[in-house]
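Here is a short briefing on a complex. Look through the sequence and the 3D view, then use the points below as a guide.

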Amino acid sequence: MIGRHKHCISLAEYSREEILEVLDLAVSMKEVLQRPIKKVPSLRGKSVVNLFFEASTRTRSSFEIAAKVLSADALNWTASASSVTKGETLVDTARNLEAMRPDVLVIRHSAGGAPRLVAEHVGCSVVSAGDGAHEHPSQGLLDCFTLREKLGTLEGKTIAIVGDISHSRVARSDLHAMTKLGARVRLCGPPTMIPAGIEALGATVRTQLREAVEGADAVVMLRIQHERIGDPLIPGTREYSKLWGLNAKKAAEWLRPECVILHPGPINRGVELSPEVADGPQSVILDQVQNGVAVRMAILYLLAGGNPADAGEAKA
Amino acid sequence: MAEVLFIEGGRVIDPASGTDGVRTVVVRDGKVAEVAARLERPRDARAIDARGKWVTPGFIDLHVHLREPGQEYKETIATGARAAVAGGFTAVCAMPNTKPVNDNASVTELVLARAAAAGLARVYPVGAISKGSNGEELAEYGELLASGCVALSDDGRPVLSAALMRRALEYARAFGLPLTVHEEELQLVGKGVMHEGAASTRLGLKGIPGAAEDVMVLRDIALVELTGGRLHVAHVSTKGAVRAIRDAKARGLPVTGEVTPHHLALTDEDVAASGYSTDYKMNPPLRSAEDVRACREGLADGTLDAIATDHAPHSAVEKDVEFDAAANGITGLETAFPVCLDLVRAGALSERRLVEALTSGPARAFGLAGGTLAAGVPADVAVLDPVAEWTVDPARMYSKSRNTPWKGRRLTGRCLITIVGGRIVHEEGRTER
């Protein structure tokens, strides 16, 4: 359980305290990852099924490593090799996997709400690893974890999130978590990529990159989703990178020196970030990847009900 | 010979004849024989005590999907007609998007034969605007009219070609048939699955802007001006569409409109609150609070002529899936009256206007018989209890399908008795489910 939640599906439903519970535990989980032998018995005898209906390398590997470090058995299941291609429904697939008695189902799906539908039909805990353009809660948590690590706190900080906000589940989870932790969030992108009514979630909206990033403590650059450029949202990546991409010159002129740059990956180098910025001193992108494992360890530990006798070892 | 019915002591609300007060209604030989304050009960009559109840003309629904032929696992004409009379509806217009589409006399005749065999609500078939509802060639309106169709529609999809819509409006004039149209501009709809707004953004679901409906309504009103054809806008859901219909009426154009109970009662925020429940997925989608307000005002001021349910039964196969993948539509016949009565309690609608929008309003829009309790007309009557409370239990509904957003909700208002052509076809507590 995380707070009162059996599942980790949406940060919109998590309170500030519940978010902090995960982030605080992730600190000790990260410590485990620094050890020469990265293995604790906390989830021995527990099993985690990764149920991925969309391609993913980073998130799936991150959950898999997180489960294995905690000694849980991890099973990867991909839709292309499954009964879905034979016409099985999502609910039936989930029920069949549930019958194999996993403790946690980690699900990624292209449809918003799919993890919730699964959660209504299974008895185990469900973790969303991203559903459509809805949420990607573990990414939101790992972004906050990284920001806490770099900035000390999110309270009173200004964070700009730049890119295709309409299609970004990361932007929504970031927004929910960051505002709950006291940050001010500016969203920025071409007007065609700003979804209707997003201000109602507590963000301000800018369409000029400079206005969004000037004075910010952190900038989250989002991937331009090439597969969606078929929608006529922008004329092309050439103009996008000129107007909304971050290169060394803009970073030097517009960003505060201590501003950190995040990106959920994978990066389109030369589009949203130039290589010198992506690999530069302000970038914390690789920290995000490592912190992702720690945060996912914390989520799995809390949901799978880690053995209290072993918890000390994980938390030591 | 049908029995004589003596419905005494009820509040008779019949906007068509201007009646609103305690009256007794006598039904004889299948017709309304007399409506008066004081009447002697004939010796051979069956008395129905309607004290504290409303006695109204039977409701007329301009927009239902009965799924037969082709998808009888969702609903049949018999189960749909059973659900209709349970909800107080004595007549329903059956949309043509069956399998096969009702674009010729054989399908129309099958619908009428099945309806006659069921012997419950009157079923008025609606024929297709285009062959196969493909939007390419006009269907044979002469044959459809002759075989019993009362209107034309490609419902379920818009008529995309403005040129075909023009010809349809022109050609239908020869037969006096109204075109009842499903208005959405499909390129604006894209892959949208709910109303575009703050709720769709939060849920990460693709939105459908209200403008997708508005631009098509405005296009078709322009075509009515060009052709003089009769246009009826089905399931109006946006502020812009209400405004366009109001303006068209003010200019004297033959344009009418209907609104569903769910578009009067629910918003896109209810989709969010439901946690992606597919019982809240319909087309047009549940709109913003502002749109709901405009639809209520449009109904109250007569811009919208009728309340129609767009009863759209679907089985669990279509609904127990991801929101993106789920079929559009909800059942509506059995919940329409209490849901709309709630609008009266909220002060959005008068009782008279509510009854009018369920009876004479739709009758006028499509030129149908009924919708009144005037002496001499076929006795289609609903006896309603406006204060009866009940909980919606889909397992106890008459429709074959269970897809209703009012599942588990407590509603107030219920149809007790439904009479079609002088015969009691539904009696709450006595009609077996």
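**Loops, domains and the chain contact**

P69(B) sits in the loop that runs between β6 (59-64) and α1 (77-86) of chain B. The peptide bond leading into P69(B) from E68(B) is cis, with omega near 10°. The model is predicted. For the complex, the predictor reports an ipTM of 0.89 and a pTM of 0.93. Chain B has a mean pLDDT of 97, and 100% of its residues reach 70 or more.

**Backbone features of chain B**

- R67(B) also belongs to the loop between β6 and α1 of chain B.
- Phi of R67(B) is near 65°, which is a positive value in a residue other than glycine.
- Another cis peptide bond joins N283(B) to P284(B), and its omega is near 0°.
- P284(B) lies in the loop between α10 (268-273) and α11 (289-300) of chain B.

**Two domains in chain A**

- In the domain assignment of chain A, domain 1 covers 7-135 + 289-308.
- Domain 2 of chain A covers 137-287.
- The C-alpha centres of these two domains of chain A are 25 Å apart.

**Where the domains of chain A meet**

- Domain 1 of chain A puts 35 residues in contact with 29 residues of domain 2 of chain A.
- About 2500 Å² is buried between the two domains of chain A, and carbon and sulfur atoms give 59% of that area.
- L11(A), L23(A) and N291(A) supply 22% of the area that domain 1 of chain A buries against domain 2 of chain A. No other three residues supply more.
- The rule finds 4 salt bridges across this domain interface of chain A.
- E54(A) forms a salt bridge with R169(A). Their closest N and O atoms are 2.9 Å apart.
- Between domain 1 of chain A and domain 2 of chain A, 19 residue pairs are in polar contact, with both residues at pLDDT 80 or more.
- On the side of domain 1 of chain A that touches domain 2 of chain A, the elements giving two or more residues are α1 (16-34), α2 (58-69), β3 (104-109), β4 (125-131) and α11 (285-304) of chain A.
- The largest share of that side of domain 1 of chain A comes from α1(A), with 9 residues.
- By class, the side of domain 1 of chain A that touches domain 2 of chain A has 16 nonpolar, 9 polar and 10 charged residues.

**Where chain B meets chain A**

- Chain B brings 16 residues to the contact, and chain A brings 24 residues.
- The two chains, B and A, bury about 1400 Å² between them. Carbon and sulfur atoms hold 58% of this area.
- T201(B), Y276(B) and E322(B) supply 39% of the area that chain B buries against chain A, more than any other three residues.
- The rule finds 0 salt bridges across the interface of chain B and chain A.
- It finds 5 residue pairs in polar contact across the interface of chain B and chain A, both residues being at pLDDT 80 or more.
- The side of chain B that touches chain A has 6 nonpolar, 4 polar and 6 charged residues.

Methods:
Residues numbered from 1 in each chain as written. Chains lettered and ligands numbered in written order. Predicted model: local features only at pLDDT ≥ 70, side-chain atom pairs only at ≥ 80, totals over all residues. Heavy atoms only, no water. Domains from an automatic or database assignment. Contact = heavy atoms within 4.5 Å. Buried area = accessible area lost by both parts, 1.4 Å probe. Salt bridge = Lys/Arg side-chain N within 4 Å of Asp/Glu carboxyl O. Polar contact = N/O pair within 3.5 Å; in protein donor to acceptor, adjacent residues only side chain to side chain. Helix = DSSP H or I, 4+ residues; strand = E, 2+ residues; numbered from the N terminus. Nonpolar A, V, L, I, M, F, W, Y, C, P; charged D, E, K, R; others polar. pLDDT = per-residue confidence, 0-100.
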